[in-house]
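The following paragraphs offer a guided reading of one protein chain. They proceed from the chain as a whole to its aromatic side chains and then to a single loop residue.

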Amino acid sequence: SENLSCVRAGYYPFGSERAAYDKLLGDTQIELDRCQKEIDRLEILCNTLIASKQLLQANKRLIHSILSPIHKLPLDLLGNIFEHLCYDRNYLYGSSLPNVPTLNLSSVCHRWRSLVSSMPILWSTFNMIEKEFARPHNLLPLFLGRSHPCPIDFQLHDRNECEGSSRTSKYISSLLLHSDRWRHVEIRSQFLPVYLLQPLIKNGAQLPSLKSLTLGMGDDEIDDTDFPMTCANLKSLTVNQRGLELQFPRPTITRLVLTDMSCESALGVISHCPNVQDIVL
């Protein structure tokens with residue numbers, strides 16, 4: 001307070017009084033240096049304690065994991081839990097893995113990784129929602145390979161609806177190679193349903209494992225799509241916004257969902273399904 005009063009009064013010391021202030025300034029700097037040194041020491045100590053705390057917390061989590069009752073479960077029961085967690089929850093898009101539970105489970109420990117790798121069913125369901133299918137996700141070949149020989153269930157949504165990229169899509173080529181394993185399939189795009197069906201028709205594919213098929217087609221200017229494949233196990237058929245020419249009777253189909261179709265197109269589909277029990281229009 002005394003120094004503050006001097007500053008406010010515009011006071012300037014001379015002679016011996018100036019020397020006293022010079023000594024006071026030096027003592028103050030020494031004290032500042034001592035305080036800073038103590039602060040640096042305490043910061044180092046604090047950082048060391050924080051690191052030790054983080055290490056102890058990590059070790060605590062590891063011990064909890066070791067003591068977790070889930071490690072006592074037999075592999076068959078653990079596999080059933082994994083199957084429930086992974087079914088229809090693997091989203092193969094983007095660069096992160098939070099939406100791919102099959103891979104997340106396999107990264108927990110060696111035991112879980114071995115179990116996941118040995119269960120094709122955990123790799124047999126996946127969803128792909130892409131803006132551009134000309135660049136396939138690098139996880140698709142992994143899922144197609146590890147899911148063999150299980151039937152595969154997938155959803156394919158092309159939000160970009162680009163005809164050019166769809167024609168040359170590596171996604172389509174990969175999926176067509178495994179068309180004999182298609183079981184529950186949902187394809188929603190302006191062009192993809194047509195481009196997937198045309199190669200199958202050309203090669204005389206039968207789709208023996210197919211049980212349900214959803215085709216969401218958005219171009220009203222394209223004529224009805226021919227569907228001559230036998231599909232001996234097809235039970236449910238959903239068609240949105242477009243007609244589908246079934247060509248011959250489909251006695252195995254018991255459920256039809258026909259959306260945004262003309263009455264003529266809808267009756268044409270229904271007439272080919274003599275055993276249909278459930279119709280949604």
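Accessible areas are obtained here by the Shrake-Rupley method with a 1.4 Å probe. On that basis, the chain in this predicted model exposes about 17000 Å², and carbon and sulfur atoms supply 57% of that area. Of the 281 residues of the chain, 35% count as buried, a label that requires under 20% relative accessible area.

The secondary structure comprises 10 helices and nine strands. Contacts across the sequence can be summarised by their separation: among those in the chain with a separation of 6 or more, 57% are accounted for by residues 24 or more positions apart.

The aromatic side chains merit a separate look. A pair of aromatic rings is described by the distance of the centres and the angle of the planes. A search of the whole structure yields six aromatic pairs. One of them joins Tyr12 and Phe14, with 5.0 Å from centre to centre and 75° between the planes. This pair is classed as edge-to-face because the angle is over 60 degrees. Are its members buried or exposed? Tyr12 has 47% relative accessibility and therefore counts as partly exposed, the range between 20% and 50%. Phe14, at 62%, is over the limit of 50% and so counts as exposed.

A second pair, Phe126 with Phe154, is stacked: the ring centres are 6.0 Å apart and the planes make an angle of 10°. Where do these two residues lie in the chain? Phe126 belongs to strand β1 (residues 125–130) and Phe154 to strand β2 (residues 152–158); the two residues are 28 residues apart, and their pair links distant parts of the chain. Both Phe126 and Phe154 are buried. They also take part in one aromatic cluster, in which Trp123, Phe143 and Trp182 are the further members.

Another ring has a charged neighbour. Arg250 lies over the face of Phe248, at 4.1 Å from the ring centre.

The last stop is Leu177, in the loop between α8 (170–176) and β3 (182–188). Why does Leu177 count as exposed? Its relative accessible area is 71%, and the residue is classed as exposed because this value is over 50%. Leu177 and Leu144 are 33 residues apart in sequence, while their C-alpha atoms are 9.6 Å apart in space.

Definitions and conventions
Residues numbered from 1 in each chain as written. Predicted model: local features only at pLDDT ≥ 70, side-chain atom pairs only at ≥ 80, totals over all residues. Heavy atoms only, no water. Phe/Tyr/Trp six-rings, centres within 6.5 Å; stacked < 30°, edge-to-face > 60°. Buried < 20%, exposed > 50% of the residue type's maximum accessible area, 1.4 Å probe, protein only. Helix = DSSP H or I, 4+ residues; strand = E, 2+ residues; numbered from the N terminus. Lys NZ or Arg CZ within 6 Å of the ring centre and 35° of its normal. Contact = heavy atoms within 4.5 Å.
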